[in-house]
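This report describes a strand pairing, the sheet that holds it, and the surroundings of a ligand.

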Amino acid sequence: MLIKRVDSDILIIGGGMAGCGAAYEARKWGKNLKIIIVEKANIDRSGAVAMGLSAINTYLGMRWNENTPEDYVSYVRGDLMGIIREDLVYDIGRHVDSSVHLFEEWGLPIVKSEETGRYTREGRWQVLIHGESYKPIVAEAAKKAATEVINRVMVTRLLKDPNDPNRISGAVGFDVRDGSMYVFRSKAVILAAGGATHIFRPRSVGEGWGRTWYSPWSSGSAYGLAIEAGAKMVQMEIRLVPTRFKDGYGPVGAWFLYIKSKATNALGESYDTNREKLRKKYGKYADVKPIPTCLRNDLMLDEIRQGKSPILMHTEDALDSRDKEEAGWEDFLDMTVSQALVWASQNIDPKEKPSELVVTEPYIMGSHAVNAGTWVSGPPGIAPKEYSWGYNRMTVIIGLFAAGDAAGGAAHKFSSGSFAEGRIAGKNAVRYLRDNNPKLSEMDDEAIESFKSEIFAPFENYNLGRSFITKKGVVSPYYLLPSQGLKRLEKIMDEYSAGVSSDYTTNAVAMRRGLELLDMLQEDLPLLGAEDIHQLQRAWELHHRVMTAQAVMRHTLFREETRWPGYYYRSDFPQIDDMNWHVFVVSKYDSKSNKWEFEKIPVIHIIGDS
Ligand code: SFD
Ligand code: AMP
């Protein structure tokens with residue numbers, strides 16, 4: 001077994017949008033630092049932007065006086081039903097435009113008006129791009145900035161200083177191609193390992209099981225790693241349930257905002273702007289503009305519950321020009337090719353026929369219309385003292401920073417905001433190193449040996465148990481295969497934590513039972529078996545997903561209200577309860593005692609309505 005040791009000043013875990021931003025900015029401020037990116041795939045096409053995107057969803061347009069950071073905070077606060085870290089959102093708002101300008105400088109084609117020279121707006125916050133190659137373009141800059149990009153290495157665990165259990169000291173993982181072990185020692189670590197899919201059972205079944213809207217390789221590592229290290233987590237109860245084109249999971253933003261396509265129920269009635277209906281149930285939240293994403297779902301779910309499905313997107317009425325037709329196809333060919341394939345394979349010409357819409361299974365993320373993730377310190381001068389204990393974007397673990405999906409509290413970052421937040425984390429990691437001059441921690445051979453046994457235990461289990469297998473090598477009384485564990489996880493979350501099959505609804509009794517089952521699954525994780533390195537990666541992805549799911553279910557149980565109707569409902573607390581729950585739910589897991597602690601932290605409004 002080859003053990004590779006890598007020491008660095010800054011270790012960036014995950015080379016997606018946030019990780020690339022972190023490397024770029026850390027290099028700018030730390031010219032001589034050793035900056036390593038460790039990425040489980042290949043940075044050129046890794047993460048949620050791997051396939052490309054057709055829009056940049058967060059661009060304020062400050063140089064043309066289109067929006068201010070205050071406007072942006074007001075928008076994000078409205079969409080999240082009031083629960084955001086305004087300091088973090090403001091910070092992204094004031095920095096995001098410059099990141100988009102960098103992308104353009106690096107070669108990303110942004111669609112522009114020939115008359116004004118301005119970027120063409122998809123909507124108030126979004127600009128259109130020809131973005132099939134978005135990720136390779138951004139990766140190029142990160143590769144130039146980093147001392148080294150170590151591709152195909154999955155991080156399994158964060159390490160802390162043996163003499164200071166609240167200080168980060170590195171990470172361990174393994175090469176997903178040759179199986180060697182990696183031991184990283186680093187003075188600072190930036191966690192940028194993306195969001196989580198396949199926590200909940202997807203709508204897709206059978207051979208399409210892997211098909212989800214958010215990338216299937218977003219395996220919750222950012223959350224699993226942080227939770228096990230003892231970081232505080234916030235908003236893990238909120239889950240993104242986006243409206244999508246059925247089966248191909250094509251996004252709807254460009255269709256609603258740019259192409260101006262309309263959706264109706266099966267009877268041809270429009271339903272998605274009915275504020276009166278919302279007002280009766282959710283009071284003042286019905287008047288937020290635009291209607292919050294979760295409430296748009298609520299309206300759609302209402303139609304479906306009344307038997308008025310399918311919900312139809314009337315592309316046939318909207319594609320009335322060559323420009324719109326091209327934009328419609330490019331939307332999918334740039335970022336969700338599967339939807340174009342659904343059209344081709346099902347003989348759907350969008351100029352002729354409407355397409356079905358659905359609300360998807362839930363995803364755990366920190367960058368779309370939700371804000372799950374680590375609880376991070378805010379920007380000096382803006383963050384109130386309750387949100388400020390250290391360097392900007394540092395978690396409660398000293399020297400551990402987070403950005404993108406990994407960092408909680410700030411929603412609507414999308415690709416550009418995640419990159420911008422990575423830059424903020426990168427700059428502040430350099431500042432932390434300069435101010436504190438931390439040393440690399442000692443690591444003895446015994447410790448490395450024990451991490452090695454932990455990482456490769458699924459091989460051991462497989463080799464010991466394989467002679468007892470039944471059913472053509474699939475079922476063993478001595479081990480659990482990763483896909484079996486994943487199906488178990490998805491079923492538990494789907495049925496007990498408000499997934500699709502429980503109509504996005506749960507209650508305390510259901511969740512307590514769900515937690516019993518989740519604990520049993522967790523007890524079984526040391527028995528995972530892996531026949532090869534690929535399965536070893538699946539085993540560790542499952543491990544991180546289960547930790548993520550623990551946080552999701554426990555947070556959902558703790559928040560006794562229905563804050564985001566349309567994302568999930570608590571049947572035992574069906575109302576929005578501002579008196580008691582206009583707060584953040586923050587958790588901390590202690591891996592030694594296997595105990596979770598919860599606290600309520602106030603939501604402090606620092607930016608007025610614009
Ligand atoms: O409209 C480990 N997103 C969109 N953003 C936009 O700006 N415009 C759009 O049009 C967008 N749309 C969209 C989007 C995503 C997807 C999948 C589709 C459509 C189909 C959202 C953005 O993509 C998203 O907000 C950012 O990418 C988030 O950035 P970040 O850095 O937080 O996550 P990442 O890019 O997925 O990167 C994570 C990286 O970590 C790696 N990794 N590496 C080592 N060890 C481990 N254990 C690891 N675990 C993970 C990953 O491989 C990855 O590289 S629309 O539909 O919303
Ligand atoms: P989506 O394609 O659903 O991921 O959305 C892309 C962008 O458009 C995001 O910024 C969404 O918040 C926004 N968006 C999508 N649908 C609507 C809508 N009906 N009204 C307002 N904004 C929307």
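Leu312 stands opposite Glu356 in β13. The two strands concerned, β12 (residues 311-313) and β13 (residues 355-359), pair in the antiparallel sense over three bridges; strands are DSSP runs (E, at least two residues), as helices are (H or I, at least four), numbered from the N terminus, and pairing requires at least two DSSP bridges. The model is predicted, local features need pLDDT of at least 70, side-chain atom pairs count only at pLDDT 80 or more, and totals for chains, interfaces and linings use all residues. Residues are numbered from 1 along each chain as its sequence is written, chains are lettered from A and ligands numbered from 1 in the order in which they are written, and side-chain values use heavy atoms, with hydrogens and water left out.

The open sheet has four antiparallel strands in the order β10-β13-β12-β11. Because β10 (243-245) and β11 (263-264) stand at the edges with a single partner strand each, one side of each is left without a neighbour in the sheet.

Oxygen atoms of ligand 1 make these polar contacts (pairs of N or O atoms within 3.5 Å):

| Residue | Partner atom | Distance |
|---|---|---|
| Trp213 | side-chain N or O | 3.2 Å |
| Ser367 | side-chain N or O | 2.6 Å |
| Asp405 | polar backbone atom | 2.8 Å |

Taken alone, ligand 1 exposes 1,100 Å², of which the protein buries 97% (Shrake-Rupley areas, 1.4 Å probe). Among the residues of its shell, α1 (17-29), β3 (53-56), β6 (153-161) and α12 (414-436) each supply at least two.

Terms used
A polar contact is a pair of N or O atoms within 3.5 Å; within protein, one must be able to donate a hydrogen and the other to accept it, and residues adjacent in sequence count only if both atoms are side-chain atoms.
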